[in-house]
Amino acid sequence: MRNKFLGTGEPGWHPVRKVKVVLSGLRFAILYDASVAWKVVVSALVLVLFGLSRSWRDFLLVLVATGQMLAAELLNSAVEGVCDFLVNQEDRRIRAIKDMAAAAAGIAIVLWLLVLVWEIGRMAGLWPGF
């Protein structure tokens, strides 16, 4: 893969290689980060549940919220990993960076849960949909 900044590596765009990189990153996150692993498992179960529901609109809403939550969690894990790699001692600036990344993941999780509660409530007939 070509490095845009150093000008090294193979030129060209390779979509299969990109998919392999995505799957490799996801695999690594699942194997080595428990907070990502359990969210992937729960997300898969939720998506199967909503995939079997009668409404594709509801499924797509849950899919988008789930994807956003998982992306935020993966970015949080990546930021924490880079911070730990760069600085191996206690640093207030690194703590602030990690806290901001965790806050982003936390907001995504809260929004995901709100969507799930709303959609489960609609499916159970607790409140009407739009």
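These legends walk through several close-up views of a predicted model. Local features need pLDDT of at least 70 and side-chain atom pairs count only at pLDDT 80 or more, while totals for chains, interfaces and linings use all residues. Residues are numbered from 1 along each chain as its sequence is written, and side-chain values use heavy atoms, with hydrogens and water left out.

**View 1. The tilted ring pair of Phe28 and Tyr32.** A search of the whole structure turns up 2 aromatic pairs. Here a pair means rings of Phe, Tyr or Trp (its six-membered ring) with centres within 6.5 Å; planes under 30 degrees apart are stacked, over 60 edge-to-face, and the rest tilted. With ring centres 4.6 Å apart and planes at 40°, Phe28 and Tyr32 therefore make a tilted pair. The two sit 4 residues apart in helix H1 (residues 15-32), so about one helical turn separates them. Helices here are DSSP runs (H or I, at least four residues), numbered from the N terminus. Tyr32 is exposed, at 61% relative accessible area; the cut-offs are under 20% for buried, over 50% for exposed and in between for partly exposed (1.4 Å probe, protein chains only).

**View 2. The edge-to-face pair of Trp56 and Phe59.** The ring centres of Trp56 and Phe59 lie 5.5 Å apart with planes at 90°, so this pair is edge-to-face. Both belong to helix H3 (residues 56-86), where a spacing of 3 residues puts them about one helical turn apart. Which of the two is buried and which is exposed? Trp56 is exposed, with 61% relative accessible area, whereas Phe59 is buried at 14%.

**View 3. The largest nonpolar core.** A nonpolar core is a set of buried Ala, Val, Leu, Ile, Met, Phe, Trp, Tyr and Cys residues joined through side-chain atoms within 4.5 Å. The largest one has 13 residues, and those with the most contacts inside it are Val46, Phe50, Val62, Met69, Trp112 and Leu116. Helix H2 (34-51), H3 and helix H4 (92-124) each supply at least two residues, and H3 gives the most, with 6 residues. Taking contact as heavy atoms within 4.5 Å, and not counting residues up to four places away in sequence, Val62 touches Val46, Leu47, Phe50, Val115, Leu116 and Glu119.

**View 4. Thr66 and its contacts.** Thr66 is part of helix H3 and is buried, with a relative accessible area of just 2%. Leaving out residues up to four places away in sequence, Thr66 touches Ser43, Leu47 and Trp112.

**View 5. Salt bridges around Glu90, Asp91, Arg93 and Arg95.** A salt bridge is a side-chain nitrogen of Lys or Arg within 4 Å of a carboxyl oxygen of Asp or Glu. The whole structure contains 6 salt bridges. Arg95 meets Glu90 in one of them, at 2.7 Å from N to O, and Glu90 is exposed at 63% relative accessibility. Arg93 bridges to Asp91, with the closest N and O atoms 3.0 Å apart. Arg93 is exposed at 56%, but its partner Asp91 is buried at 18%.

**View 6. A salt-bridge network of Asp58, Glu119 and Arg122.** Within helix H4, Glu119 and Arg122 lie 3 residues apart, about one turn of the helix. Their side chains form a salt bridge of 3.7 Å, N to O. Are Glu119 and Arg122 buried or exposed? Both are buried. Asp58 joins Glu119 and Arg122 in the network.
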